[in-house]
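This briefing goes through one protein model by topic. Look over the sequence and the structure first, then read the points below.

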Amino acid sequence: MKKYLLIFLFTLFISVMMAQSKQVTGIVTDDYGSGLPGVTVVLKGTTEGIITDTNGNYTLSGVSSEGTLVFSFIGMKTQEIPVSGRTNINVTMSEELIGLDEVVAVGYGTVKKSDLTGSVASISEKDFGDRIVSDVPSLIQGKASGVDVSNGKIRIRGTTSFNNTDPLYVIDGFVGGDISVINPNNIASIEILKDASSTAIYGSRGANGVILITTKKGKKGDLKINISTFAGISFTPNKLDLLNAKQYNEYMKDNLTNAGIPLSDKLLSSEVLKDETNWQDVAFKTAWNSETNIDFSGGTENSDFFVGLGYRKSEGPAIGDQGTKSYFAKLVNNFTLAKWIKIGTNISANYSVAKVVNLTSGEDYKSKLAFIQMPPYYPVYDKNNSWGFSDVNRAEDLTDVSNPAAIIFSNHPDNHSLNYQFNSYIEITPLEGLVLRTQGGITGNFAQDRRWRDYFVVGGGVPTTNSMTENSSYGLSPILETYLTYSKDFGKHSISLMAGNSIQKDAYRGSMGIEGINYINTDVKNIFVAPNSFITNDARYQSSYLSYFGRVNYQYNDKYLLTVNFRRDGSPKFSPKHRWADFPSVALAWKLHQEDFIKELGIFDQLKLRGSWGMSGNDAIGDFRYLSQVATMGIFYPFGDPQTYYQGATVRENNSPDIKWETTESANIGADMTFLDNRLNFTVEVFNKKTNDILFGVPRPVSLGYFGNAVVNAASMVNKGLEVQLGYRGKLNDFSYSINGNYSYVHNEVTSLGLGQPFLSVASRTIEGYPIAHFYGFTADGIFKNQSEVDAANNAARETYSANHPDATDAQLANIYYQSLATSPGDVKFRDLNNDGIVDNANDRTMIGNSVPKHLFGLSTSLSYKNFDFNVIFQGIAGADVYNANYATTRAGTFSGNQEAVVLDRWRSESEPGNGIVPRAIAGDPAQNNRISTLMLQSGDYLKMRQLSIGYSLPDKLISKLSLSQARIYVSGSNLLTFSKYDGYDPEVGGDNLMRGYDRLDYPEPSKTVFGIQISF
């Protein structure tokens, strides 16, 4: 009997083993019947798997008859198919529904795209292309509607305040994260929260929009290694057209002679007619850039990990930029300790060493000007000078320019910085549907900036002493958040509740600066041995936030959705009676495609209408502005006889106890649609954002005895707009493609302004009824070509004045001029807008341009054919102007130094009137040709090719031989083409909200071209 029992058990064991050892084969195709290469086929619950070959074929051994195969591929729906004893399983994979089932991050949670009620733009890893850019704003630029990115500054749905309007960054759940910590290569997705329904959960921090960054993490499966590297060059895409030596000499003769200044012997000699230096070639160079990244990831059923390491050497094409070396490190771990408890950590760090000359703002601008203004007959170097550089002689050259190369090359920077972010969490699920999460973290930085400056002599023989400066700073900002989420489905109803609180404290921030000068021995560059040393800065800062927040999500029958958010914030920037503010929001959505009457149309795959309203706040002012500020520096009081001076104090700014939160009220209506089996998607939205109680420093009369401005809730502003997002993707045999475009229209208007007084800032004005910081000045109306035109204008002015002032005497009329006594042939003629016969500041200035773009657009196209891929991204703006702040010194003919070539078309005489736009050359500008006018403005519209990439993936057979899972080579470029009418360096000019669009010779964004390799194991 035992014998038969053993035989039975052995036979059963063999049968079970055979059942677990089947070999399954098949082919994976797409909807068109074409084989899909690169599809991952895994036996569910294990790490056993394989990738389909070029034709979509696969063979997987050791498969249980009762097992389940999981087929996954980027852009396709993942399928799980039971084996059920079969040995041949063919699969047809369909494309994802344009991300409708994709889960995107929202504040303190995630949600399916199809269930979004607010306005959220999602940019995934596949949208980034080849990431050769070095910052987050560049990754976003042109890829999302309603997002204005300019020179690294991001504005979401317009300019909402006079103060800082930077969005809030949330990195892997860390509120207020530092984007400089993040290696762009480690970013998996970016969500941009645009309307109040999405941002209100962040309360005071979300008034300017929120950018959620999710970095890569490990996934269940075997160890995976990715290596990517690229190297290439960057260069200046555009240079200004300047005068050569001969043209410069002719210009200087006009410039000085017309002003009654006699020419020097040197300017009359032939030695100044020789071109010695192209100073823009000195200012710019070809720079080398490289980057290498490697990451390791993997996981089991109960844990996963991701380790990312990166090195970047970035060098700019401007001299003085010797390059920045950046080292990145990232570690992510997640552990499931039990079914009801999870923990995890996320650590990022960036250490950088920069050798980039950062001059003070004034020095920097003068240096850039000097590269244009330096006489072309001057060499860069002069061995006869002890400091090695040439030096303009003011008496002979009759110019105040200094050799900019001497300034740049005499500065030797060595700057070190460490930025880090650490956060961890614990997530407990005590009951089904109930999750308690506590997360805490720290973001911080250390920086030490050192700069040695050599002795050198600037123009006119003024010496600059040697010096060593050192500035150190640190910051440490902890945060602790706890929130409870409960989700439950019952029948046709689905509800999710969330409530929590957050405390964030910038407990430790400070800086200190020291300087040493007049070194006798320059071999030891240490401030301790300097003959003269002093402290230049010593500062400490502290601020904090305390918040309570909650959210309700309700859904009925997968058709009707409701989201309600609430947050209460406290900020120490306001007095106790105004410290707290409440920020609610509500959003509704209706999935019309779930209704029978829409299904019967047979048009929409998805049709969702949504609307939202909400409020958010802003406290972006200095600390303790509600209190009086006391100044002691330079304040002394005399006592006694004879008088002795003692240290004193005075009130710098009076208190502003009644200031309160800025509040932004936002309304949004949108529609999401997909067609043609979800290949075509279309989103349209209209929004209205109104900001009230804008905090602003209103100037006070000096007679009151205060140094600073009084901060008050001074203004209101509205931004209205339209956003459109359109995308299509398809496939034809081996050729696949996707096209995505976006367009935004934004109208900005200041609706009230405190005391009603306009705020003027150089060339811009902010006043009720107009866009913020619009350009304000005179309207140029050509050139006075001859004396007859000047006389006619003056006579007409006197006639008009006489008509308006019948009692005017001849003596009074003799002093009436259309513009001024100094106006002569060749000077600019400005329009008399109020028709009183006289051009003056009070009546004849008007809005002459707009600094805020009205239209934003972007277009991206991706193509692939077999192993080749192609990607191109365009981005542009329209409806904005650029104010050329350099006009007076480089184009107007009033400065004694080199000019841009536009002055070749200047008025020279009545017989040579030029082009009727460029005035005569005359030092000193006696007729005020340089008054702010339309001559300084040009269209800032542009279209840029932001990125162009061409890649090739190695064939599967070759990859298999090399034991790789993927290998790709590519060539990529950024900022390669710019289409614009602007003739300066770059039409893309940034700036703060009240000074946007000012071109102060900001060097153009460099063009880059790189060759890269990507390998996966």
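In the protein, 69% of the contacts between residues at least 6 apart in sequence join residues at least 24 apart. The model is a predicted one. The points below cover the overall build, the cavities and a few single residues.

**Overall build**

- The protein contains 15 helices and 53 strands.
- Its radius of gyration is 34 Å, close to the 31 Å that the globule rule gives for 1017 residues, so the protein is as compact as a globular protein of that length.
- The C-alpha trace spans about 135 × 70 × 65 Å along the principal axes of the protein.
- Of the 1017 residues in the protein, 48% are buried.
- The accessible surface amounts to about 46500 Å², and carbon and sulfur atoms account for 56% of this surface.

**Cavities**

- Rolling a probe the size of a water molecule over the atoms shows where empty space is left.
- The structure has nine cavities of 30 Å³ or more.
- The largest cavity has a volume of about 100 Å³.
- This largest cavity is lined by 16 residues, and those closest to its centre are Ser150, Ile877, Pro987, Val989 and Arg996.
- Two elements, strand S11 (147–150) and strand S48 (881–884), give two or more residues to the lining of the largest cavity. Strand S11 gives the most, with three residues.
- By type, the lining of the largest cavity divides into eight nonpolar, four polar and four charged residues.
- The second largest cavity holds about 70 Å³ of space.
- Its lining has 13 residues, and Gly142, Val147, Leu856, Phe857 and Gln875 lie nearest the centre of the second largest cavity.
- At least two lining residues of the second largest cavity come from each of S11, strand S46 (855–865) and strand S47 (868–878). Strand S11 thus appears in the lining of the largest cavity and in that of the second largest.
- The lining of the second largest cavity is made of six nonpolar residues, six polar and one charged.

**Two residues with a positive phi**

- Asp925 has a phi near 55°, a positive value in a residue other than glycine.
- Asp925 sits in the loop between helix H14 (887–890) and strand S49 (937–939).
- With a relative accessible area of 15%, Asp925 is buried, because buried means under 20%.
- Leu1001 is not a glycine either, and its phi is positive at about 55°.
- The loop that holds Leu1001 runs between strand S52 (998–999) and strand S53 (1007–1016).
- Leu1001 is buried, with a relative accessible area of 2%.

**Ser198 and Thr300**

- Ser198 is part of helix H4 (residues 196–199).
- The relative accessible area of Ser198 is 9%, so this residue is buried.
- Apart from its neighbours within four places in sequence, Ser198 is in contact with Gly118, Ser119, Val120 and Leu193.
- Ser198 and Asp781 are 583 residues apart along the chain, and their C-alpha atoms are separated by 49 Å.
- Thr300 is found in the loop between strand S18 (287–299) and strand S19 (303–314).
- Thr300 counts as partly exposed, because its relative accessibility of 48% falls between the 20% cut-off for buried and the 50% cut-off for exposed.
- Between the C-alpha atoms of Thr300 and Gln504 there are 34 Å, and the two residues are 204 residues apart along the chain.

Note on methods: Residues numbered from 1 in each chain as written. Predicted model: local features only at pLDDT ≥ 70, side-chain atom pairs only at ≥ 80, totals over all residues. Heavy atoms only, no water. 1 Å grid on protein atoms, 1.4 Å probe; cavity = no way out; pocket = protein on both sides within 12 Å on 5 of 7 lines; lining within 4 Å. Points joined across faces, edges and corners; volume = space filled by probe spheres on them. Helix = DSSP H or I, 4+ residues; strand = E, 2+ residues; numbered from the N terminus. Nonpolar A, V, L, I, M, F, W, Y, C, P; charged D, E, K, R; others polar. Rg over C-alpha atoms; globule rule 2.2 N^0.38 Å. Buried < 20%, exposed > 50% of the residue type's maximum accessible area, 1.4 Å probe, protein only. Contact = heavy atoms within 4.5 Å. Areas by Shrake-Rupley, 256 points an atom, 1.4 Å probe, with all protein chains shown as cover.
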